Amino acid sequence: MKKIVALLLLSVLITSCKTDDDSEKISPKFKFTFNWDGEAINASDFNAIKYSNETGELSITKMRYLLSNITLIANDDVETKLITYHLIDLTEEASLSTISESTVEEGNYKSLTFTVGFNEAENTPNAYTDLNITNWNWPIGLGDGYHIMQYEGKFLDASNQEQTYSLHVGTRKISDGVFEPNHFIISFDTNLVLNSNSEIEIKMNIAEWFKNPNLLDLNTMVFPIMPNPVAQLIMRDNGASVFSVGIN
Amino acid sequence: MKNYLYILFIIAIISCKSDSESYVPYQNTAYILAIPQIFADKLPNPVIPNSNPFTVEGVALGKKLFYDPILSGDGTQSCASCHKQVDGFTDDVQFSVGIDNIEGNRNSMPLFNMAWNLNEKFFWDGRSIGLESQALDPVTNVVEMHNTWQNAIHDLKNSSVYQDLFNKAFPEQTAMDTNITKELVAKAIAQFERTIISANSKFDKYLNGEVNLTVDELEGFNIFNDERGDCFHCHGTGNSNPLWTDNIFRNNGLDAIFTDIGLEEVTGDPNDRGKFKTPSLRNLVFTAPYMHDGRFTTLDEVINHYSEGVINSSTIDTQMLFVAQGGTQMSTLEKAQLKAFLLTLTDNEFITNPDFQE
């Protein structure tokens, strides 16, 4: 009888010893979505001239961008890198979701940050074989490394004629042999409550690329913009308001 | 007495065991694909399906089948008839002619580095998924080998050598019923095709630090990678993707109206009209004529197309940024320099490599 009681007590003791550290570990899921001022954009929306902004009517034919160092920051400032890098292609369903490489505890977090593109240290030329084979590389003469974004489409010019546009973002070439990184960091300092069913949604409002803080007029832009450091800076600045985050 | 009957029954069962049940499959040898260092450094692993593992015997059988006209309807054409090693595994005519003297409507595609086509879409219009699927097509294509698989398999079974070669290449599959099937034919050919690798051009050697490029070749490389040529978005930046293609389908501005609708024929999507697979730029010197319909005889014509011959249409690739002015408008010197660079992608060893010969 004594043994049974002792065993029961031991069991209770072990169970009650569960600390905060034993709370459930989760691998947050990610979902990447696109919208035009709130209207969802899917691959089926491509090619049709159906979007409008201050500069006219346009279509989307390509949208790929790269995020790196997607990091969750806990209330005690402990940072957990969830995703090293991820290439999102609006037409590739498999790229529109992924799962964290690390686990975190369920609970509240105070911030989510990520880098749009690779930071300077990680923008290592030819280092990422999965990106090399999809031609995500940025040319040597423009600073090497990798693209940050490839966004393309067509727009109607003043004569109502279709013209192509290509908004490719990457390292800025200031002059021959002089380059400046063009990645940018987005930080969402808001309470994030994560549980095992949580899905972190990273949303891109494509319309924002054209208007905030710089008005971007496709009619007056000179393409390609890749070798144009001013245009590259405009794109980077406009990128700051493009993203939002949600927990589903 | 009952015991005797029982023992006799057991003996009868044991003695009925057929040869096939006692068959010990041939132990074939795993084939280790020699991956060039430049590929190992810059590309993901090649596609080698679990359902078709490499074996020495499988590759050897695939090569024999590739060169054997036995697969064609009248025994006159093999895969190699339109995919000649000396031509970078394509041929030198606009349209290949099949066994019935009928021309196809697309240029024979060069064959190399196919194991790194990670989307696994083959043919100019991507209609086959996987090399094993692709290899089935030409045998029954009425303008190519114009055979039936029933006939082809019959001929293979009646040959004096193939049953043994199939048994050795696919011992597990053939042990049970000693069959040769079209699926095994395709698997063997796919194994051989995956070994066809080209990675030793002058530019590869330049990247390895073995040779230098001339001033014109280097400037051509710069033109390739900037707005003067604007080639890199489809063919890679050169130092990053040794395939020189991303295997994506594009309308590169050849026509305003398409008689051959390309990818649309497969997807049914009008947005895919006139899109064809982006080919590699390796070995261009061997693979003329160019484009899906072989319309350009020379490399100069190709360069002229991208410089001033691009034609707009509703599905034009939006990376053809200079379509409004017909192309990138290269100068004569720039064209010559770009051509000089493109010729550094020639892999002379590839077209004489005995590993790929009959």
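**Entry 1: chain B as a whole.** I began with burial in chain B, where buried residues make up 53% of the 358 residues; I keep in mind throughout that this is a predicted model. I then looked up its secondary structure, which comes to 16 helices and 4 strands, and the extent of its C-alpha trace, which spans about 100 × 45 × 35 Å along the principal axes. Taking the contacts in chain B between residues at least 6 apart in sequence, I noted that 67% join residues at least 24 apart.

**Entry 2: the interface.** I turned next to where the two chains meet and found 29 residues of chain A in contact with 36 residues of chain B. The area buried between chain A and chain B is about 2200 Å², and carbon and sulfur atoms give 57% of that area. On the side of chain A, I listed Ile133(A), Asn135(A) and Thr164(A) as the residues that lose the most area to chain B, together 27% of what that side buries. I looked for salt bridges between chain A and chain B and the count is 0, while the rule for polar contacts finds 11 residue pairs across this interface, both residues being at pLDDT 80 or more. Helix H2 (129-132), E11 and E12 of chain A each supply at least two residues of the side that touches chain B, and E12(A) gives the most to that side, with 6 residues.

**Entry 3: Asn135(A) and Asn241(B).** I followed Asn135(A) further and placed it in the loop between H2 and E11 of chain A, where it has a positive phi of about 55° although it is not a glycine. Asn135(A) is buried, because its relative accessible area is 4%, which is under the 20% cut-off. Its side chain makes a polar contact with the side chain of Asn241(B), at 3.1 Å. Asn241(B) lies in the loop between helix H12 (232-235) and strand E3 (249-250) of chain B, and with a relative accessible area of 0% it is buried as well. Leaving aside neighbours within four places in sequence, I found Asn241(B) in contact with Asn132(A), Ile133(A), Asn135(A) and Leu43(B).

**Entry 4: helix H3 of chain A.** I listed the buried residues of helix H3 (residues 229-239) of chain A, which are Ala231(A), Gln232(A), Met235(A), Asn238(A) and Gly239(A). They lie on the same side of H3(A), because they cover an arc of only 130° around the axis. I recalled that an α-helix has 3.6 residues a turn, so residues three or four places apart point the same way. The buried residues of H3(A) pack against strands E11 (149-156), E12 (162-169), E13 (172-175), E15 (184-188) and E18 (243-247) of chain A. At the N-terminal end, Asn228(A) caps H3(A), with a side-chain oxygen 3.0 Å from the backbone nitrogen of Val230(A).

**Entry 5: strand E15 and the cis peptide bonds.** Along E15(A) I saw the side chains alternate, with Phe184(A), Ile186(A) and Phe188(A) buried on one face, whereas Ile185(A) and Ser187(A) point to the other and are not buried. E15(A) pairs with strand E10 (residues 107-116) of chain A in the antiparallel sense over 5 bridges, and Phe114(A) stands opposite Ile186(A). Last, I noted a cis peptide bond from Asn212(A) to Pro213(A), with omega near 5°, and another that joins Phe223(A) and Pro224(A), with omega about 0°. Pro213(A) is in the loop between strand E17 (199-205) and H3 of chain A, and Pro224(A) also has its place in the loop between E17 and H3.

Methods. Residues numbered from 1 in each chain as written. Chains lettered and ligands numbered in written order. Predicted model: local features only at pLDDT ≥ 70, side-chain atom pairs only at ≥ 80, totals over all residues. Heavy atoms only, no water. Buried < 20%, exposed > 50% of the residue type's maximum accessible area, 1.4 Å probe, protein only. Arc of directions from axis to C-beta. Contact = heavy atoms within 4.5 Å. Polar contact = N/O pair within 3.5 Å; in protein donor to acceptor, adjacent residues only side chain to side chain. Pairing = 2+ DSSP bridges. Buried area = accessible area lost by both parts, 1.4 Å probe. Salt bridge = Lys/Arg side-chain N within 4 Å of Asp/Glu carboxyl O.
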